[in-house]
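This report goes through the strand pairing, the helix packing and the ligand surroundings of one structure.

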Amino acid sequence: MIYRDINGTRLSAIGMGCMRLPVVGGCDGFIDEEQVRQMVDYALSHGVNYFDTAWGYHAGRSETVVSSCLRRHPRDRYCLATKFPGYNVDNFARKEAIFTEQLERTGVDHFDFYLLHNVIELNIEHYLDMGRDGLVPYLLRQKELGRIDHLGFSCHGELETLIRLMNVWGGHMEFCQIQLNYQDWRFQRADRKVAWLVEQGVPIIAMEPLRGGRLAAFTAQEQARLDALRPGVSPVEWGYRYAQSTPGVAVTLSGMSDLAQCRQNIAVFQAEDPLTAEERRVLEGIAEARLADSVVPCTGCRYCLDQCPSELDIPYLIALYNEFMSRDDEKWLSMLKLDALSEEELPAMCLGCRSCTNVCPQGIDVAGVLDDFIDRLSKTG
Ligand code: SF4
Ligand code: SF4
């Protein structure tokens, strides 16, 4: 097993993500505990020591089930990570009750790693609260009491939001968890986040290395291109190797759903075998070609901004549209970001004047895209 270090704690380079555990009868809250027990035992016996759960995973059952499986082993064999559910801003007023319940659910006396969950434009002001009643001051007191070893955060927001958090709490944030895979390297601008975090010396935990399974298969043509570089490597291994060999990444999370996946994924982390620059470039090229077929090809050049009488941030709205269109189970992400905008900034403010299209090098029918966005949002509710 490859090991990495976060602030003096030695961690396996693959962590067991506990958001997509096996369930019974297709019911998200009904976890197949026997299978999870086998998966946890297998992971531990093959060197994995990082287990990532959260308050909301599996309708609140993940924390309980995972920790009950882990507690059958010596406490120093595993690191348990969980998160504060700040994606729902109502939870900030209940921080003490939630944290206390998390300790009760898991039956541990401390969390090795504790994260602010999903720092994003919608909740950043709450996370920035420096008052005595603020969440982070509360968590720092828990740290002093020995209930948290390492404090960090996960971020689905833009780099600017991540920087805002770090500008206030950077001295206390020991790591940052971001969505990182070869598709999101440019699409969700993971490249910018990685560059900034590496420059700041903040260790990275990579989540969604296979984008929820979307990167777990290649077309025959894509596989042939990659076989020419490294014969016989599976799409899953390509995805994990990409995250594993990204500079600054300490741990890559793997959301395993059965024992077979557990075996396959952990095997990739038994030895370092970093991708070459050429291999990374080919993977990113494959992702870009896929995206070009399915999303609006805005390059973010910003030539249109001066033209818009409604002063809309057109490339940002198109990026949200692309995010909305790219994956069914990720629509919530772009909707949360839209929620953080004022009324004047929303797609509905588009007047349909086409001034933007007239200057757009890609010839994008922005008004049509925004219209379609409004239509789809109303159907999504
Ligand atoms: S079409 Fe809409 S987005 Fe484009 S310039 Fe006019 S108002 Fe702005
Ligand atoms: S001009 Fe076109 S490509 Fe450039 S940011 Fe505007 S919409 Fe995107």
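## Hairpin, barrel and ligand shells

S1 and S2 form a hairpin in which two residues lie between the strands, and Asn-7 in the turn has a positive phi of about 45°. The model is a predicted one. The two hairpin strands, S1 (residues 3–6) and S2 (residues 9–12), pair in the antiparallel sense over four bridges. Arg-4 has Leu-11 in S2 as its bridge partner.

A barrel is closed by eight strands with parallel pairing, in the order S3-S4-S5-S6-S7-S8-S9-S10. From one strand to the next, the twist averages 30°. Strand S3 (residues 14–17) pairs with strand S10 (residues 249–255) in the parallel sense over four bridges. In this pair, Gly-15 stands opposite Leu-253 of S10.

The two strand pairs described above are listed here.

| Strand pair | Residues | Sense | Bridges |
|---|---|---|---|
| S1 and S2 | 3–6 and 9–12 | antiparallel | four |
| S3 and S10 | 14–17 and 249–255 | parallel | four |

Helix H3 (residues 95–106) lies across three strands, S5 (79–84), S6 (111–119) and S7 (148–155), and runs at about 135° to S6. Strands S5, S6 and S7 also belong to the barrel order.

Two packed helices are described by the angle between their axes and the distance between the axes. For helix H1 (residues 33–45) and helix H2 (residues 61–70), the angle is about 55° and the axes are 9 Å apart. H1 is therefore oblique to H2, and the crossing of H1 and H2 is right-handed. On the H1 side, the contact is made by Glu-33, Val-36, Arg-37, Val-40 and Leu-44; H2 contributes Arg-61, Val-65, Cys-69 and Leu-70. By class, this contact of H1 with H2 has six nonpolar, no polar and three charged residues.

Two ligands remain to be described. Around ligand 1 are Cys-308, Pro-309, Ile-314, Cys-350, Leu-351, Gly-352, Cys-353, Arg-354, Cys-356, Val-366 and Ala-367. The shell of ligand 1 has nine nonpolar residues, one polar and one charged.

Ligand 2 is surrounded by Cys-298, Thr-299, Gly-300, Cys-301, Arg-302, Cys-304, Pro-315, Ile-318, Cys-360, Pro-361 and Gln-362. By class, the shell around ligand 2 divides into seven nonpolar, three polar and one charged.

Technical notes: Residues numbered from 1 in each chain as written. Chains lettered and ligands numbered in written order. Predicted model: local features only at pLDDT ≥ 70, side-chain atom pairs only at ≥ 80, totals over all residues. Heavy atoms only, no water. Near = heavy atom within 4 Å. Nonpolar A, V, L, I, M, F, W, Y, C, P; charged D, E, K, R; others polar. Axes fitted to C-alpha atoms, helices over the stretch in contact; angles between N-to-C directions. Parallel < 35°, antiparallel > 145°, perpendicular 65-115°, else oblique. Left-handed = near helix turned anticlockwise from the far one by under 90°. Contact = heavy atoms within 4.5 Å. Pairing = 2+ DSSP bridges.
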